Amino acid sequence: KIDHLSQAVAKSRRIVVVTGAGISTSCGIPDFRSNGGLYPLTEGNKPKTQTKIRELFDINVFRDQSSAAKYYSLMAEMKRKVDISTPSPTHDFIHKLDSKGKLLRWYTQNVDGLEQRAQSTGTGGDAAASLSDGHTINKDVKVIRLHGDINHVICSLCHSVFVWEPDVMESFKQGIPPSCPHCTQLNDNRIRRGKRGISIGTLRPDIVMYGESHRHGVEIGEVSGCDMASSPDLVIILGTSLGVPGTCSLVKRFSEKLGSQGCTQSNHCLGSQGHVIFVNLTQPPSHMKPFIDYWIVGETDRWSRICERSWRSLNPKDW
């Protein structure tokens, strides 16, 4: 069955990929839910509940100085891990989909930016083009970062976006948000002209928190609408537990567009195109099962290698 599904990938021409933290754990980047994941990094490796994790990544965390300081130091540790990591075989495989003209769009919940680093190694085409520098999303952008990008910081006041520099890292390590350079310059210019000073914002990681809207939400909606109108012939979900409502909604819409019949009907149309494939060690939520045709139980890196092998065998002209 896995081989037949791999052949479906080889035959497809408009693939939508949705990825989560599971494709980056083999790179040394922790996820958000396991006991050895991200949250315990600043808590002496004590297991924490999912509720605690959600609280730490809620927009209200900035209302309390102690909680905010913990968040900044946690993000500094995550950024350190991102900086020393390398892309996984799964990242490389998705770029091969792009370089062979099969990738319609890559929607990622990850904030590590490894999709761009994978592209720089020459493993793929243009999939690393993204909006993480604050530019407007359009239909030419191949990677849609649903939750932002940890490699950039944003001002809490003027919303200017900057690259995460070493001085920002040192400040975050101490749990202190640095002042926004843009606000600071505007304030200094006003004072030099004898005018009243203005408020100066602070920088935070350019990550979408629980309880806040994506600043490119409208554009993301427009792009996903274009993708559905383009009639994708396969949706591959890799390394995500589908625990975020927004991502679930996106998958449901694509699934309904493809006419998926649900993973309870395990033998229907085996190996054909137009289905939703879910690759993860844990099963999808019960409310998402009607929208997923096949659950492949395993690590995404292993499945990517198996899929590529079958693809090369079936369609050698692609290579």
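A salt bridge is a pairing in which a side-chain nitrogen of Lys or Arg lies within 4 Å of a carboxyl oxygen of Asp or Glu. The legends below describe close-up views of a predicted model.

**Figure 1. Salt bridge between R105 and D227.** The closest N and O atoms of R105 and D227 are 2.7 Å apart, and the two residues form a salt bridge. This pair links distant parts of the chain, with R105 in strand β2 (residues 103–108) and D227 in helix α8, 122 residues apart. R105 has a relative accessibility of 4% and therefore counts as buried, the cut-off for a buried residue being under 20% relative accessible area. D227, with a relative accessible area of 1%, is likewise buried.

**Figure 2. Salt bridge between E308 and K96, and the network around it.** A search of the whole structure finds twelve salt bridges. In one of them, E308 pairs with K96, and the closest N and O atoms are 2.9 Å apart. Because E308 lies in helix α10 (residues 300–314) and K96 in helix α4, the pair ties together parts that are 212 residues apart in sequence. E308 has a relative accessibility of 13% and so counts as buried.

A further salt bridge joins R145 and D149, whose closest N and O atoms are 3.2 Å apart. Both R145 and D149 are buried. Through salt bridges that share partners, K96, E308 and R312 are joined into one network.

**Figure 3. Helix α4 and the glycine that follows.** Helix α4 comprises residues 89–99. Its buried residues are T90, H91, F93, I94, H95, L97 and D98. Just after α4, G101 adopts a positive phi of about 75°.

**Figure 4. Surroundings of D112, a buried acidic side chain without a salt bridge.** D112 is located in the loop between β2 and α5 (114–120). Which side chain of opposite charge is nearest to D112, and how far away is it? The nearest is R145, at 7.1 Å, and D112 has no salt bridge although it is buried. The contacts of D112 shown here are polar ones. Its side chain is joined to the side chain of S24 by a polar contact of 2.8 Å. In addition, a polar atom of the D112 side chain lies 2.9 Å from the backbone nitrogen of L114.

**Figure 5. Surroundings of D293, a buried aspartate without a salt bridge.** D293 occupies a place in the loop between β8 (275–280) and β9 (294–297). The nearest side chain of opposite charge is that of K1, 13 Å away, and D293 has no salt bridge even though it is buried. Which side chain makes a polar contact with the side chain of D293? That contact is with the side chain of H275, at 3.1 Å. A polar atom of the D293 side chain also lies 2.8 Å from the backbone nitrogen of V276.

**Figure 6. The second largest pocket, with a volume of about 390 Å³.** The pocket is lined by 22 residues, and those closest to its centre are I154, R204, D206, E212 and R215. The elements that contribute two or more residues to the lining are β4 (148–155) and β6 (203–207). Which element gives the most to this lining? Strand β4 does, with four residues. By class, the lining residues divide into eight nonpolar, eight polar and six charged.

**Figure 7. H159 and S231, two residues with positive phi that are not glycine.** H159 has a positive phi of about 65° and is found in the loop between β4 and β5 (161–163). Is H159 buried or exposed? Its relative accessible area is 52%, and since the cut-off for an exposed residue is over 50%, H159 is exposed. S231 has a phi near 55°, also a positive value. This serine lies in the loop between α8 (217–229) and β7 (234–238). With a relative accessible area of 36%, S231 is partly exposed.

Note on methods
Residues are numbered from 1 along each chain as its sequence is written. This is a predicted model: local features need pLDDT of at least 70, side-chain atom pairs count only at pLDDT 80 or more; totals for chains, interfaces and linings use all residues. Side-chain values use heavy atoms; hydrogens and water are left out. Buried means under 20% relative accessible area, exposed over 50%, partly exposed in between (1.4 Å probe, protein chains only). Lys and Arg count as positive and Asp and Glu as negative; His and the chain ends are not counted. A polar contact is a pair of N or O atoms within 3.5 Å; within protein, one must be able to donate a hydrogen and the other to accept it, and residues adjacent in sequence count only if both atoms are side-chain atoms. On a 1 Å grid over the protein atoms alone, a cavity is a set of points where a 1.4 Å probe fits but cannot get out, and a pocket is an open set with protein on both sides within 12 Å along at least five of seven lines; lining residues have an atom within 4 Å of a point. Grid points are joined across faces, edges and corners, and a volume is the space filled by probe spheres set on the points. Ala, Val, Leu, Ile, Met, Phe, Trp, Tyr, Cys and Pro count as nonpolar, Asp, Glu, Lys and Arg as charged, and the others, Gly among them, as polar.
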